[in-house]
Amino acid sequence: MTPTPRITPELTPGLPELEAQERRLVFRTFTHDDAWALGSLLVEMARERQAPVAVDIHRAGQQLFHAALPGSAPDNDAWIARKRRVVERYGSASYLVGARCRARGTTFEESSRLDPDRYAAHGGSFPITVADVGVIGAVTVSGLPQLEDHRFVVEALERYLGDTL
């Protein structure tokens, strides 16, 4: 298994910015219809950019949305599962969990001692947080470099929540 790659610090968002994203991107409720609409938005964005990604939305252990776009591969589904498990375990974006490890001068693999075949603190999975409830699921993208996966999900959440608030 390939360890978490080192990220060039000047090109990446800092911990305060990543943590602010999580505080800001919160739903009032999250229904099956929200999963469909958010997933469809991600697919639309991916098609516009010809991004070879797979998209997944889980809530409370149930897959509510999944799509694999041209150029994606079965490996993307494995990455989705590994990144989603990080969100489910830590209640934070998979990229933020990895960034916190890097900020401490270590890697997720070294510090978590979790099976890297089951957990990956790579960018692309973001918690679905409902106000006054907490984290109830995750929206995940796989197929781009990890920071791009993270930014892609954040952009879709910003658009979706901006339209629904």
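Hi everyone, let me start with one pair: in strand 4, Phe 126 has Val 139 as its bridge partner. Before I go further, please keep in mind that this is a predicted model.

So, staying with that pair, the strands around it run antiparallel: strand 3, residues 125–130, is joined to strand 4 by six bridges. Another position along this pairing is Val 130, which stands opposite Gly 134 in strand 4. How many of the residues of strand 3 are buried? Six of its six, which leaves the strand mostly covered. The hairpin formed by strand 3 and strand 4 has three residues between the strands, and there Asp 132 takes a positive phi near 65°.

Strand 4 has a second partner to show you. Strand 1, residues 54–59, runs antiparallel to strand 4, residues 134–142, and six bridges join the two. If you want a place to look on screen, find Asp 56, which stands opposite Thr 140 in strand 4.

Now back to Phe 126, this time from the helix side. Gln 21 sits in helix 1, residues 15–24. Which residues does Gln 21 touch, once neighbours within four places in sequence are set aside? They are Phe 126, His 150 and Val 154. Is Gln 21 buried or exposed? Gln 21 counts as buried because its relative accessibility is 8%, and the cut-off for buried is under 20%.

Moving along the chain, we reach the loop between helix 1 and helix 2, where Thr 29 lies. Neighbours within four places aside, Thr 29 is in contact with Asp 34 and Val 130. That is the Val 130 we met opposite Gly 134. For those of you who like a distance to check, the C-alpha atoms of Thr 29 and His 58 are 14 Å apart, with the two residues 29 positions from each other along the chain.

Next comes helix 2. Thr 31 caps its N-terminal end, with a side-chain oxygen 3.2 Å from the backbone nitrogen of Asp 33. The helix covers residues 32–49, so 18 residues in total, and spans 26 Å from first C-alpha to last, close to the 26 Å expected at 1.5 Å a residue. Which residues of helix 2 are buried? The list is Asp 34, Ala 35, Leu 38, Gly 39, Leu 41, Leu 42, Val 43, Met 45 and Ala 46. As a reminder, an α-helix has 3.6 residues a turn, so residues three or four places apart point the same way. Have a look at the buried list with that in mind, including Leu 38 and Leu 42. Just after the helix, Gln 50 takes a positive phi of about 50°.

Let me zoom out to finish. The protein has six helices and four strands, and from the N terminus the order is α-α-β-β-α-α-α-β-β-α. Its radius of gyration is 15 Å, close to the 15 Å from the globule rule for 165 residues, so the protein is as compact as a globular protein of that length. Along the principal axes, the C-alpha atoms fill a box of roughly 40 × 35 × 30 Å.

Of the 165 residues, 50% count as buried. The accessible surface is about 8,200 Å², and carbon and sulfur atoms contribute 50% of that. And among contacts with a separation of 6 or more, 69% link residues 24 or more positions apart. Thanks for listening!

Technical notes: Residues numbered from 1 in each chain as written. Predicted model: local features only at pLDDT ≥ 70, side-chain atom pairs only at ≥ 80, totals over all residues. Heavy atoms only, no water. Expected span 1.5 Å × (residues − 1). Buried < 20%, exposed > 50% of the residue type's maximum accessible area, 1.4 Å probe, protein only. Polar contact = N/O pair within 3.5 Å; in protein donor to acceptor, adjacent residues only side chain to side chain. Contact = heavy atoms within 4.5 Å. Rg over C-alpha atoms; globule rule 2.2 N^0.38 Å. Areas by Shrake-Rupley, 256 points an atom, 1.4 Å probe, with all protein chains shown as cover. Pairing = 2+ DSSP bridges.
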